[in-house]
Amino acid sequence: MNPASVRLFLEVADTGSLSKVALRRQTVQSHISRQIADFEASCGGRLFHRTGRGVTLTELGERAARRLRAWLHDTEQLESEMRADAGQLLGEVRLGILPSAAHPLMTRLFEALQREHPGIRLSIAEAQGAELDLMLDTGAVDLAILFRAQQPNGRDEKALCVAHTYLVAAPGDALTRAPVLAFEQLRDLRLVLPRRPGQWRQTLDEAARACGFRLDAAVEADSLTTQKELAAAVPGLYAVLGPYAVAEAVATGRLQASQLVEPDLCRHVVLAMPSQGKLSAATRAVAAQIQALTERWGHQLTEPAPG
C-alpha cells in the first residue's frame with residue numbers, strides 16, 4: 001500500500017470533493033480522478049459515490065477510511081521514530097487552527113521549524129471550533145488550536161492563553177471609547193454576529209438572556225473578516241470578537257474596541273491533541289514549539305510590540 005495514495009484517498013474523503021483537492025494540490029481534477037480510480041481498483045471495489053455535488057464514501061470506503069487512517073498514522077509514526085533515532089525529525093504534521101491563530105503564530109512556528117527541524121512539513125487547516133474538534137476526533141489533524149470555555153485539566157489539552165471578549169466598532173464611536181463596558185450595554189445595539197447554530201453564538205445569546213435581553217443581530221456572518229469589515233464600515237454596527245481577531249485592526253486605527261465585563265466572557269485557547277494514540281516525534285516537536293512561542297510572548301497568541 002502506497003502511503004501517498006492513502007493520503008490522497010483520505011484527503012478526498014475528508015473534503016468530499018475532487019475539485020477542492022485538485023485546487024489544493026495545484027493540479028487538474030482529471031488527474032486526481034484517475035489516481036482515485038487506480039486506488040479503488042487496487043482495493044477491489046468502489047470507495048466513493050460520485051454525485052453532482054462531490055463524492056461520498058461507499059460502505060467499503062467508510063471501512064477503508066477507518067482502517068487506512070490508523071494504518072497511515074502507525075506507518076508515519078514508525079518512520080518518524082526511526083528517523084528520530086537517526087537524529088533527524090522528518091514527516092508531515094497536520095495542524096488545525098482557529099482563524100485568529102493564523103498570524104503571526106503560524107509564521108513564527110514555520111520559521112522556528114525551518115531553523116531547528118527543516119525536515120518537518122506543516123499542513124495547516126483553518127476552521128471553527130466544532131469543525132476542529134471533529135477533525136481531531138476523526139484523525140484528520142494531529143493537533144488543533146481551539147477555544148475552550150473552561151481551563152483545560154486533561155493530558156490531551158495544554159493551555160496556551162486566555163482571550164477576553166470585546167465590543168468592536170468603527171473609529172470615533174462614542175460607546176467603545178471606554179476601556180471596558182458592561183455586557184448589558186449591548187442591549188438594543190445593532191450587531192453583526194456569527195450564525196446559529198454555533199457554540200460561540202450560543203454563549204453570547206445565553207449571556208444576553210442572563211442580563212434580561214436578546215441580542216439584535218442586524219446581520220449574521222461566520223467569517224471574522226466579514227464581521228470586522230462590516231463593523232469598520234457601518235457606523236452604529238458593532239461586532240463582538242476576541243482580542244486576536246482584532247489586534248491588528250485596532251493597532252492600525254481601523255477599529256475601536258472595549259473589553260466586555262459583567263460577565264467577563266473569557267475563553268481559553270488550548271493546544272489539543274488526540275485522546276487516542278501516540279504522538280509522532282515530529283508532532284511532539286511542533287507542539288513544543290507552539291507552547292514555547294506563546295509562553296515567550298507572555299502567554300499570548302501575538303508577539304509583543306518591539307521595545
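This is a short tour of the structure, stop by stop, with something to select at each one.

**The whole chain**

Start zoomed out, and keep in mind that you are looking at a predicted model. The protein chain has 307 residues, and 43% of them count as buried. Show it as a cartoon and you should be able to trace 10 helices and 13 strands. The C-alpha trace spans about 65 × 50 × 35 Å along its principal axes. How much of the contact in the chain comes from residues 24 or more positions apart? Counting contacts with a separation of 6 or more, the share is 74%.

**H1 against H3**

Now select residues 3-15, which is helix H1, and residues 29-43, which is helix H3. Their axes come within 10 Å and cross at roughly 110°. That makes H1 roughly perpendicular to H3, and the crossing is left-handed. Turn on side chains where the two helices meet. From H1 you get Ser5, Val6, Leu8, Phe9 and Val12; from H3, Ile32, Gln35, Ile36 and Phe39. By class, that contact is made of 7 nonpolar and 2 polar residues, with no charged ones.

Stay on Ser5 for a moment. Is Ser5 buried, exposed or partly exposed? With a relative accessible area of 29%, Ser5 is partly exposed. Draw a distance from its C-alpha to that of Ile32: the two are 27 residues apart along the chain, and the separation comes out at 10 Å.

**H5 against H10**

Next, pick residues 105-116 (helix H5) and 281-296 (helix H10). Here the axes are 10 Å apart and the packing angle is about 125°. H5 and H10 are therefore oblique to each other. This crossing is right-handed. On the H5 side, click Leu105, Arg108, Leu109, Ala112, Leu113 and Glu116; on the H10 side, Val286, Gln289, Ile290, Leu293 and Thr294. Color the contact of H5 with H10 by class and you will find 7 nonpolar, 2 polar and 2 charged residues.

**Leu160 and its surroundings**

Go to strand S6, residues 157-163, and center on Leu160. At 2% relative accessibility, Leu160 is buried. Which residues touch Leu160, setting aside its neighbours within four places in sequence? The contacts are Ile145, Val269, Val270, Leu271, Ile290, Gln291, Thr294 and His299. You have already met Ile290 and Thr294 on the H10 side of the previous stop. For a long reach across the model, draw a line from Leu160 to Asn2: these residues are 158 apart in sequence, and their C-alpha atoms are 37 Å apart in space.

**The cysteines**

Select the cysteines and show their sulfurs. How many disulfides turn up in a search of the whole structure? The count is 0. Right by Leu160 in the sequence is Cys161, which counts as buried at 6% relative accessibility. Why is Cys161 unpaired? Its closest cysteine sulfur, in Cys266, is 11 Å away, and that is too far for a bond. A disulfide needs the sulfurs within 2.5 Å. Then click Cys43, which is partly exposed at 29% relative accessible area.

**Backbone oddities**

Finish with the backbone. Most residues other than glycine have a negative phi, and most peptide bonds are trans. Four spots here are worth a click.

- His103 to Pro104: a cis peptide bond, with omega about 10°. Pro104 sits in the loop between strand S3 (91-97) and H5.
- Arg196 to Pro197: another cis bond, with omega near -10°. Look for Pro197 in the loop between strand S9 (190-193) and helix H7 (199-210).
- Glu262: not a glycine, yet its phi is positive, about 55°. Glu262 lies in the loop between strand S12 (256-261) and strand S13 (267-272), and at 61% relative accessibility it counts as exposed.
- His299: again a positive phi in a residue other than glycine, near 55°. His299 belongs to the segment after H10 and is partly exposed, with a relative accessible area of 44%.

His299 also takes you back to an earlier stop, since it is one of the contacts of Leu160.

Definitions and conventions: Residues are numbered from 1 along each chain as its sequence is written. This is a predicted model: local features need pLDDT of at least 70, side-chain atom pairs count only at pLDDT 80 or more; totals for chains, interfaces and linings use all residues. Side-chain values use heavy atoms; hydrogens and water are left out. Buried means under 20% relative accessible area, exposed over 50%, partly exposed in between (1.4 Å probe, protein chains only). Axes are lines fitted to C-alpha atoms, for helices over the stretch in contact, and angles run from 0 to 180 degrees between N-to-C directions. Helices (H or I, at least four residues) and strands (E, at least two) are DSSP runs, numbered from the N terminus. Angles under 35 degrees count as roughly parallel, over 145 as roughly antiparallel, 65 to 115 as roughly perpendicular and the rest as oblique. A crossing is left-handed if the near helix is turned anticlockwise from the far one by less than a right angle, and right-handed if clockwise. Contact means heavy atoms within 4.5 Å. Ala, Val, Leu, Ile, Met, Phe, Trp, Tyr, Cys and Pro count as nonpolar, Asp, Glu, Lys and Arg as charged, and the others, Gly among them, as polar.
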